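Please look over the chain shown below together with its fold, and read the report that follows alongside it. The sections take up local backbone features, the sheets and hairpin, the cysteines and then the overall picture.

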Amino acid sequence: MAVNLVNVEAVSKVYGTRALLDGVSLGVSEGDRIGVVGRNGDGKTTLIRMLAKLEEADSGRITHNGGLRLGVLTQHDSLDPTATVRQEIIGDLADHEWAGTAKIRDVLNGLFGGLSLPGFEHGLETVIGPLSGGERRRIALAKLLIEEPDLLVLDEPTNHLDVEGIAWLAQHLQARRSALVCVTHDRWFLDQVCTRMWDVQRGAVHEYEGGYSDYVFARAERERIAATEETKRQNLVRKELAWLRRGAPARTSKPRFRVEAANELIADVPPPRDTSELMKFANSRLGKTVFDLEDVTVQAGPKVLLQHLTWQLGPGDRVGLVGVNGAGKTSLLRALADAARTQGDAQPVAGKVVVGRTVKLAYLSQEVGELDPKLRVLEAVQRVRDRVDLGKGREMTAGQLCEQFGFSKEKQWTPVGDLSGGERRRLQILRLLMDEPNVLFLDEPTNDLDIETLTQLEDLLDGWPGSMIVISHDRFFIERTTDKVYALLGDRTLRNLPRGIDEYLERRQQAVEAATPAPAPAPVKKKASGDARAAQKEMQKIERQLGKLSDKETKLHAQIADNATDFEKVALLDAELRELVAGRDELEMRWMELAEDA
């Protein structure tokens, strides 16, 4: 039977006059991988901070199993600004010690793209103080993953990671034996990693078995039976359920409740988008030309990002744009936006961008635009327009659209200056859509948005007729809202990927492998003794053995996770794993002895 690590008994927490958590009782056991979801401000972060004993409960009790080793990633790191990256992540380990440890190599490669930390000016010797928040967060995450806690508590671990980094982190956490409690808005990540879900709503926490897909199925079933949620909310859940059940690839393999009952809910739900109808409407709004690029070169300062690019964004095209950081995704959008703003007068350094005469562009950048902090939310929207035409006969007032984006009637009278970062992001998107554009550029639109707001935005975009380019590290959002995926792979070209993000990750892996030089034999001095040469030869043999053991260890961890409920098989696998680890330790000790001789 799995050992209980943390008990939460009748815990309550009040801020001001609002009860964030009211009499909540939960437990975390060995092997649990729990995803925490809920609207911004409903208490997700408060719950996991209390779970980790970083914050006191007003009432109730939280107990940790004796000797619990806890690793916590908060939204604000506690790194020493005067320390180097090496000191924080690796500590006092000598180079041959940490470089000979498969886990450390894996974490550095996965989070930083190489053992030399190529994104940092001085590599491991970079001082932490001047680094950005995203860079510091990756360092804090790396430090945590190299340790061996019994329970990992992670608050938004995918923030500041690109698509590759998120895919690596999911694979890494799947292979770990430690329990996990994780708050994130990344639905693909939740589906890959978690086996249970906690949904924080109105002071209560509802528990569900399975990953994010199973959670959506179970919530739809629960709301059907309870019939307590308003019609609009039920319809949104049913729509997302339909997407998950019909989406490719299948989002879940082990639903833990009656799927038949959930399937009844979506029998009459049409596909998310009527593509032909939207295309017809987009053609009527845009004509034949939106953006035509002919032999275009895009630069950022002196750096050439794209060269000889000939490409067309047509009416009704919905494009997801992915790529390595610095490859030119945002620069490409800016070049198109400049051409649209000047009706084609502003051109790139080479080539030509032709802009359709009817193009009305709305560009959501990564920076939240400044608004008068004294304006009320509703006033900020009405300054753009009082009513908006959403196509197919749908029209909404500013107040109705505010409600769809999570601003209740009371919240609409909140001054902009009092809004959180996520609420300002929602307001920014809302104001853009209120201006009735026919072309949308969305650069990281999911930043700071909770899952419920994301589903509402996706629902709104389903019926939006026009052309759209989305840059996002949120894989679920791209797959849900776009029809084509293009990639910038750092080779100054733009490539169409018929198989979407799976194909992108495969191409990136191939590129990394091609760029990694084969290990060169250690240089041997002409006068080196026979003993030194023998030591070097044996070291190379041990390095190959360690690589094989590392692969085997990863597979064993995955097998243990897959057979978590088969205690007899887990015991056999665990014994095999302990034997493998002991053998690896012996090899590493021998490698260090040989290194001294050589």
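## The end of helix α4

Just after helix α4, G113 takes a positive phi of about 80°, a value that, like every other in this report, is computed from a predicted model. The helix that comes before this glycine covers residues 102–112, and its buried residues are A102, I104, V107, L108, G110, L111 and F112. As background to such a list, an α-helix has 3.6 residues a turn, so residues that lie three or four places apart point the same way.

## Helix α15 and the residue after it

Helix α15 runs over residues 421–434, and because a rise of 1.5 Å a residue should give its 14 residues a span of 20 Å, the 20 Å between its end C-alpha atoms agrees with that expectation. This helix is mostly covered, with eleven of its 14 residues buried. The buried residues include G422 and E423, the pair R425 and R426, and L427 and Q428; further along α15, I429, L430, L432, L433 and M434 are buried as well.

A positive phi also turns up just after α15, where E436 has a value of about 50°.

## Positive phi at A10 and R492

Two further residues deserve attention for their backbone angles. A10, a residue other than glycine, has a positive phi near 50°, and it lies within strand β1, which covers residues 4–15. A10 counts as partly exposed because its relative accessibility is 42%, a value between the 20% under which a residue is buried and the 50% over which it is exposed.

R492 is likewise a residue other than glycine with a positive phi, in this case near 70°. R492 is found in the loop between β19 (484–488) and β20 (494–496), and with a relative accessible area of 39% it is partly exposed.

## Strand β19, its partners and the hairpin

Strand β19 is mostly covered, since four of its five residues are buried. On the one hand, β19 is joined by five bridges to strand β12 (residues 318–323), and these two strands run parallel; within that pairing, V319 has K484 of β19 as its bridge partner. On the other hand, three bridges join β19 to β20, and here the strands run antiparallel, with A487 standing opposite R495 of β20.

The strands β19 and β20 form a hairpin that has five residues between them, and in its turn G490 has a positive phi of about 85°. The loop between these two strands thus holds R492, whose phi is positive too, near 70°.

## A three-stranded open sheet

What is the order of the strands in the open sheet of three strands? The order is β11-β10-β13, and the pairing is antiparallel. The edge strands, each of which pairs on one side only, are β11 (303–313) and β13 (350–355). Neighbouring strands of this sheet are turned against each other by 30° on average when direction is ignored.

Strand β10 (residues 291–300) is joined to β11 by seven bridges, the two running antiparallel, and F291 has L313 in β11 as its bridge partner. Helix α12 (residues 329–341) packs on the sheet, where it touches β10, β11 and β13, and the direction of the helix makes about 120° with that of β10.

## Cysteines

How many disulfides does the structure hold? There are zero. C194 is in no disulfide, and the nearest cysteine sulfur, which belongs to C182, is 5.7 Å away, whereas a disulfide would need the two sulfur atoms within 2.5 Å. With a relative accessible area of 6%, C194 is buried, and C402 is buried too, with a relative accessible area of 0%.

## The protein as a whole

The secondary structure of the protein comes to 20 helices and 20 strands, and 51% of its 598 residues count as buried. Among the contacts between residues at least 6 apart in sequence, 69% join residues at least 24 apart.

The protein exposes about 28600 Å², of which carbon and sulfur atoms supply 49%.

Key:
Residues are numbered from 1 along each chain as its sequence is written. This is a predicted model: local features need pLDDT of at least 70, side-chain atom pairs count only at pLDDT 80 or more; totals for chains, interfaces and linings use all residues. Side-chain values use heavy atoms; hydrogens and water are left out. Buried means under 20% relative accessible area, exposed over 50%, partly exposed in between (1.4 Å probe, protein chains only). Contact means heavy atoms within 4.5 Å. Accessible areas come from the Shrake-Rupley method with a 1.4 Å probe; for residues, only the protein chains shown count as cover. The expected span of a helix is 1.5 Å times one less than its number of residues. Two strands pair if DSSP finds at least two bridges between them. Axes are lines fitted to C-alpha atoms, for helices over the stretch in contact, and angles run from 0 to 180 degrees between N-to-C directions.
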